[in-house]
Amino acid sequence: MKTPTRRTFTAGLAAAAVAVGLAGCGGVTVGNPGSDDTAERTQKDSYRVAYIARAQVDSFAAWLANEMKDEAKDYDDISLQVFDGQADDEVENKMIENAVANKFDAIIIQANNGAAQQPYIQQAVDAGIVTITTNPRVDGIEGANSVDANPYDQGGVVAKLALEQVPQNAKVVVLNGPGGNFHSTQRRKAWEAEFFEKRPDVEIVAEDIANWNKDEALTLMEDWSLANPQIDAIISMNDNMAAGALEAVKGKSAFDGILAYGVDGTPEATLMIQKGEMTATALQNAAELAQLNMKAVHDLLTGAEDEVNVDIGNPLITKDNAQKYVDLYKKAGLITQ
Amino acid sequence: MTTKLKSFDASRYSIFIILALVFVGASFLSPNFLSVDNQLNVLRQVAVITILAYGAMTLIIGGMIDLSAGAVMAFAGVSSVMVYKDTQSLLLAVLVGIAVGVACNLVNAFLVATLHTPAFIVTLGMMLMARGAVLELTQGQNVLQLGDFVIIGQGTWGWAPVPALVLLLITAVIWYLMNQTRYGRGVYAVGGNEEAARAAGIAVAWVKYKAFVVNGVLVGIAGVIFMSRVNAGLPNAGVGYELQAITAPIIGGTSFSGGVGTTAGTLAGALIVGLLGNIMNLTGVGSYIQQIVMGLIIVTAVAYDVWSKRGRTRTTILRSGRRGEPAAAGADPGATADPPASGT
């Protein structure tokens, strides 16, 4: 029994090593001069598209990368290669440089840090490559295109709902994403303008960064719930952190009925909303982002469009409509039962 | 030596004095700090890191290091969760988590002990492989709806949280292994001076294999508790945990040069970090300031520990009046503080 188990896992590890190695080889082709061809795009039978994902360890980024791969299969003339930016500006910048050097026809970039990637994205545009920034959009690059969700609206749509639901003189805690992260700061701005400024009776008893992570939010909420016997609502800039905070007060009668708001509409949050454990979230639909990205890149490459800048919607998920999204996730295989 | 035994040697207990100071200081800063609920809360929170820290301590004492602990923890934890979801068997799930941890560490051990590859490079490679494997296994998605699996991380036995009980049990086992067994003495000897250990007839490679297996068991258990605590199989879990796991033993007096370290010191180091995080959360200190304070206190604690032991070394030399022997024994701070080390 012992030997086969060990063999299986060792074989799995070896396969993973090969996969990692192959992925690395695909991404690191150096020495090719970047194209300076800025002439009009010529029609081709097939196009090579690079998608540089922020980080495969980020569950949303991984979901988006998977959706991109699936969506690309619908286009016979597009060959998509996905690269992992490893949540590291240096790595992500190198990936963009390599994609330019490898003369991809188009590059879709999910920036780790818009400001850090901006000069490299500019290089891609200057090299005459179709360039799209997505989740988040990187502004201020002439000639670049974008497909994004609007993070302010995502936060705002949930904040407006909370305006009606959070009780008078409530005490709330706030969980933020990584410091300086565009989506986190925009969502927090929306909460400030759409909720806190309109509800001066509400007191923030604790606020901190949990880096989008469930375990960090869990630890923070364990401590906060001891220091503050009354917490009426958890206001989180994403669903992972909201779910972690709820885990900390699960089963504690003093926090029965606590409200919890997130953003992303992850499968976990959708299930929790369906069960009445979480209150609401705004969906950031990776499938829709992928569809729009692939349509945009195809239209730009074939000359059907000269410029594309679009946003996906931010549908609100509450207990009333959660079933619809649970079904959607079941169909996508992201919820298995 | 006789002179030393006659007086209380405060430097030997410096890390525990620091722990006591942190505890007393924290109790003045927040009225909630001393509550039983909060103390149990701290134990629950430090369980995973402390278990990983014992594995890191074992390897560092043996002159090795493990940079793959965080990634292997995620791989083991997620594998365990997936097995539980398929079989609904808690025992099998835990065993699979441990098996994954051990399997990864056996690969490390083979490359380090048999092929003599530096542990730093080997475990760095394993970190990438394990992370890649768990991401491939899950396609980067969280595994949800764990059901009764959460008992391990969130359950209580009487009033005591299960992770805290597991931590206490593991502490006792690791203390016993390191202090009362031939295996423990072998680890200290190999880490202290590998060539001397080999000359003394110790099977160095075998000791290294065993140290990695112990680490693998601990990493596997930590993975199971972590996933159970957060009620999800998170493939991105444990990023940076390898460094946190190394921090606790180093604060607790384990020497990076090997051969020196104690279980109690590692526990104290982990508790210092845990208590600091806890009191800063209770008092509403923001995460940026928390990082500054944590860094400052860690550096101060280690500097004080090293400084106080240097003082003891000088005292020992002066008292003995013979430069050669005591200087050799005291050159490595803390070497004389550890019975197994001196025993070998």
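## Two domains in chain A

The domain assignment splits chain A into domain 1 (44-147 + 287-306) and domain 2 (152-283 + 319-332). This is a predicted model. Each domain is built from two stretches of the chain. The C-alpha centres of domain 1 and domain 2 of chain A are 31 Å apart.

Where domain 1 and domain 2 of chain A touch, 4 residues come from domain 1 and 4 residues from domain 2. On the domain 1 side of chain A, 3 of the touching residues are nonpolar and 1 is polar. None of the touching residues on that side is charged.

## The parallel sheet

Chain A has an open sheet of 4 strands. Read across the sheet, the order is β7-β6-β8-β9, and the pairing is parallel. The edges are β7 (203-209) and β9 (259-261) of chain A. Each of these edge strands pairs on one side only. Ignoring direction, neighbouring strands are turned by 15° against each other on average.

Now look at one pair inside this sheet. Strand β6 (residues 171-176) of chain A runs parallel to strand β8 (residues 233-236) of chain A, and 4 bridges join them. Across from A:V174 stands A:I235, which belongs to β8(A).

## A mostly covered helix

Helix α9 of chain A spans residues 267-275. Of its 9 residues, 7 are buried, which leaves the helix mostly covered. The buried residues are A:P267, A:E268, A:A269, A:T270, A:L271, A:M272 and A:I273.

What do the buried residues of α9(A) pack against? Their partners in chain A are two helices, α8 (239-249) and α11 (322-332), and two strands, β10 (281-282) and β12 (316-317). After α9(A) comes A:G276, with a positive phi near 85°.

## Backbone details in the loops

A cis peptide bond links A:N135 to A:P136, with omega about 15°. A:P136 sits in the loop between β4 (130-134) and β5 (145-148) of chain A.

A:K103 is not a glycine, yet its phi is positive, about 55°. The loop that holds A:K103 lies between α3 (89-101) and β3 (106-109) of chain A. A:K103 counts as partly exposed because it has 16 C-beta neighbours inside 10 Å.

A:N169 is not a glycine either, and its phi is also positive, about 55°. A:N169 is found in the loop that runs between α5 (151-165) and β6 of chain A. Is A:N169 buried or exposed? A:N169 has 11 C-beta neighbours inside 10 Å, so it counts as exposed. The cut-off for exposed is 12 or fewer.

## Chain B and its contact with chain A

Chain B holds 16 helices and 2 strands. It has 344 residues, and 56% of them are buried. Take the contacts in chain B with a separation of 6 or more: 77% of them come from residues 24 or more positions apart.

Chain B also touches chain A. The contact takes 39 residues from chain B and 37 residues from chain A. Which elements give two or more residues to the chain B side? They are α3 (36-61), α5 (90-114), α6 (119-138), α11 (204-230) and α13 (263-282) of chain B. The largest share on this side, 6 residues, comes from α6(B). By type, the residues on the chain B side divide into 17 nonpolar, 19 polar and 3 charged.

Note on methods:
Residues numbered from 1 in each chain as written. Chains lettered and ligands numbered in written order. Predicted model: local features only at pLDDT ≥ 70, side-chain atom pairs only at ≥ 80, totals over all residues. Domains from an automatic or database assignment. Contact = placed C-beta atoms within 7 Å. Nonpolar A, V, L, I, M, F, W, Y, C, P; charged D, E, K, R; others polar. Buried ≥ 20, exposed ≤ 12 C-beta atoms within 10 Å, placed from the backbone. Pairing = 2+ DSSP bridges. Axes fitted to C-alpha atoms, helices over the stretch in contact; angles between N-to-C directions.
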